[in-house]
Amino acid sequence: MTGAAILSAAEMRAAEAELFATGIPEYDVMERAGAVAAALIWRVGGLRDTLVLCGPGNNGGDGFVIARLLRTQGVPVRVATTGDSRTPSARQARMLWDGPVDDIGDTAPATLLVDALFGTGLTRGIDDALASRLRSLAGAARKCFAIDLPSGVSTDDGALLSVPPHYDMCIALGALKPAHVLAPAADLSRQIVCADIGIDTSSAMTRLLGPPILHAPARDAHKYTRGLVAVVAGDMPGAAALAACSAAHGGAGYVRLVTPHPISGLPHAIIQIADHEPDSRNALSDARIAALLIGPGLGRGAAAVARVRAALTHGHPAVIDADALLALRETGFDLLPGKAILTPHMGEFDALYGQVSGTWLARAQEAAQRSKAVVILKGARSIIAAPDGRIAVSSPASSWLSTAGTGDVLAGLCAARLAVTGDPFRAACEAVWLDGDAARRAGAAFVADQLIAALPAAIAARLSKGSSC
Ligand SMILES: NC(=O)C1=CN([C@@H]2O[C@H](COP(=O)(O)OP(=O)(O)OC[C@H]3O[C@@H](n4cnc5c(N)ncnc54)[C@H](O)[C@@H]3O)[C@@H](O)[C@H]2O)[C@@H](O)CC1
Ligand SMILES: Nc1ncnc2c1ncn2[C@@H]1O[C@H](COP(=O)(O)OP(=O)(O)O)[C@@H](O)[C@H]1O
Ligand SMILES: [K+]
């Protein structure tokens, strides 16, 4: 899996412990962290007067290193603290700082503010007086930097434990944390930069969604080897039509729309199969179907549940969306094929899985394990979870996606990528990435049809070198 690693506070501590076990002293890692952060602040802030706020733990220790290194560059730096430094590394960093140390309660503001109060060690909301002092110093500064995390956020779920200010840059140390990718904490910083401090993150199971590498069809490809997608339509044919078009533009070799009523206005390339049998038996028994999509416009009630049940008996790799997700409440998850992608938005997620506790990452993970399927929890940032523990979190997508039919487009795209790759997690990751990129290309106020039109360009941009189009 590509994309920057996302580690929880406990995983970060374990990764640091592994690094220390190789013989690297903890303080050296703090120096490294401070050096990378100071270089980033120097690049943005230059010689402007700077106030570094240092807390009692190692986050505060990072702050003392940053202050010392900026000072050696000639930056006028002041440090203000909440009190004593409580860890050995923080004390060492403080000892090496030879400038004055103010009390945070009465220090003067500066042009640049560096928040090194609390990082992954925050256990509860910071008290109101300190939180309000942080906000007023940040409000008086021209630029604010958060070291590792904005002080006052919960590392593992992105909740705000107190009311933090907004930052121009958050410098994540060693790895991203869930609070860097989950709202509301993730929305506090205009820019989030991850600083390499020597932590090995190669085995991280949770990652930011990275750009996929796609391949043009093989030289000897034909429509069936490229992937046959069957889309099952229902009561509202428009949604299935959108999904079918999306599958066709998403790279499938052949798209069949199995529909009870002929749909006009579709591209001729989409083959419509009249479905006069309620169980679609003949239309779906073709062993060449590489991905089945059911849900967009399906409808609800006993007939829809029966249709889902019948469609899934063929065992084709499947994408289950919209109304078909609700039907799964009746059928249970055992009906799902070995390769399946479920695409609930938050409402469908709650309806399907009930109240699952924990962070959104943990909830998506538990849902994937319970249903033994890849789950895309859709939202401004979508979470893609596989039953084996892998999770990818997308960067925020264009908010213009909040328009009717874009879920159908994503479902069709998932089906196309599933048909092409045969790998549900990879397909889901590719689909979410391409969907987000197509939305960016579609610009403002697009409708779902225009999102589909932008898919070929999004795919072309991710083709591997050597792929011809
Ligand atoms: N362990 C390491 O080697 C490294 C740690 N690093 C830094 O260390 C940070 C984690 O350090 P710590 O574990 O010391 O934790 P923090 O520095 O985030 O904060 C912990 C301290 O704050 C106190 N505290 C927690 N919640 C509080 C609250 N609501 N009000 C007042 N005090 C509160 C705790 O009692 C403790 O003294 C990371 O975020 C990162 O910035 C980096 O230097 C990289 C290396
Ligand atoms: N505010 C937003 N910012 C970014 N993406 C969004 C936002 N709101 C919705 N989306 C995306 O738009 C799509 C909407 O899907 P869905 O709710 O199923 O819509 P529909 O049923 O109308 O097709 C999902 O891919 C979701 O991730
Ligand atoms: K901080």
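Colleague: Between which two elements does the loop that holds A445 lie?
Modeller: The model is a predicted one, and within it A445 belongs to neither of the elements that flank its loop. The loop in which A445 is found is the one between α14 (424-442) and α15 (448-453).

Colleague: Is A445 buried or exposed?
Modeller: A445 has a positive phi of about 50° although it is not a glycine, and its surroundings can be judged from the C-beta atoms around it. There are 8 other C-beta atoms within 10 Å of A445, and a residue with 12 or fewer falls in the lowest class. Because of that count, A445 is exposed.

Colleague: How many other C-beta atoms lie within 10 Å of K372, the residue that follows α12?
Modeller: K372 lies in the loop between α12 (360-371) and β15 (374-377), and its phi, near 50°, is positive in a residue other than glycine. K372 is partly exposed, because the number of other C-beta atoms within 10 Å is 13.

Colleague: Which elements do the buried residues of α12 pack against?
Modeller: α12 has 12 residues and reaches 16 Å from its first C-alpha to its last, close to the 16 Å expected at 1.5 Å a residue. Its buried residues are W360, L361, R363, A364, Q365, A367, A368 and S371. The elements that these buried residues pack against are β8 (206-208), β14 (340-342), α11 (346-353), β15, β16 and β17 (391-393).

Colleague: What is the largest C-alpha distance among the residues that UniProt lists under "binding site"?
Modeller: An unreviewed UniProt entry places the feature "binding site" at K378, G379, A380, R381, S382 and G407. Although these residues are spread over 30 residues of sequence, they cluster in space, and the largest C-alpha distance is 13.7 Å.

Colleague: Which residues is K378 in contact with, once its neighbours within four places in sequence are left aside?
Modeller: K378 is found in the loop between β15 and β16 (383-385), and it is buried because 25 other C-beta atoms lie within 10 Å. Leaving aside the neighbours within four places in sequence, the contacts of K378 are T343, P344, H345 and G407.

Colleague: Is G379 buried or partly exposed?
Modeller: G379 is also found in the loop between β15 and β16, and, leaving aside its neighbours within four places in sequence, it is in contact with H345 and M346. It has 17 C-beta neighbours inside 10 Å, whereas 20 or more are needed for a residue to be buried. With that count, G379 is partly exposed.

Colleague: Which helix contributes the largest share of the shell around ligand 2?
Modeller: Of the 17 residues around ligand 2, K378, A380, L401, S402 and G407 come nearest. By class, the shell has six nonpolar, nine polar and two charged residues. The largest share, four residues, comes from helix α13 (residues 406-421).

Colleague: How far apart are the C-alpha centres of domain 1 and domain 2?
Modeller: The protein is divided into domain 1 (9-207) and domain 2 (223-460). Eight residues of domain 1 are in contact with nine residues of domain 2, and the side of domain 1 that touches domain 2 has four nonpolar, one polar and three charged residues. The C-alpha centres of the two domains are separated by 42 Å.

Colleague: Which residue is joined to P184 by a cis peptide bond?
Modeller: P184 lies in the loop between β6 (167-173) and β7 (189-195). The peptide bond in question has an omega of about 0°, and the residue that it joins to P184 is A183.

Conventions:
Residues are numbered from 1 along each chain as its sequence is written. Chains are lettered from A and ligands numbered from 1 in the order in which they are written. This is a predicted model: local features need pLDDT of at least 70, side-chain atom pairs count only at pLDDT 80 or more; totals for chains, interfaces and linings use all residues. UniProt positions are given in the numbering used here, feature names are shortened, and annotations may be inferred rather than shown by experiment. Two residues are in contact if their C-beta atoms, placed from the backbone, lie within 7 Å. A residue is near a molecule or strand if its C-beta atom, placed from the backbone, lies within 6 Å of it. Ala, Val, Leu, Ile, Met, Phe, Trp, Tyr, Cys and Pro count as nonpolar, Asp, Glu, Lys and Arg as charged, and the others, Gly among them, as polar. The expected span of a helix is 1.5 Å times one less than its number of residues. Domain bounds come from an automatic or database domain assignment.
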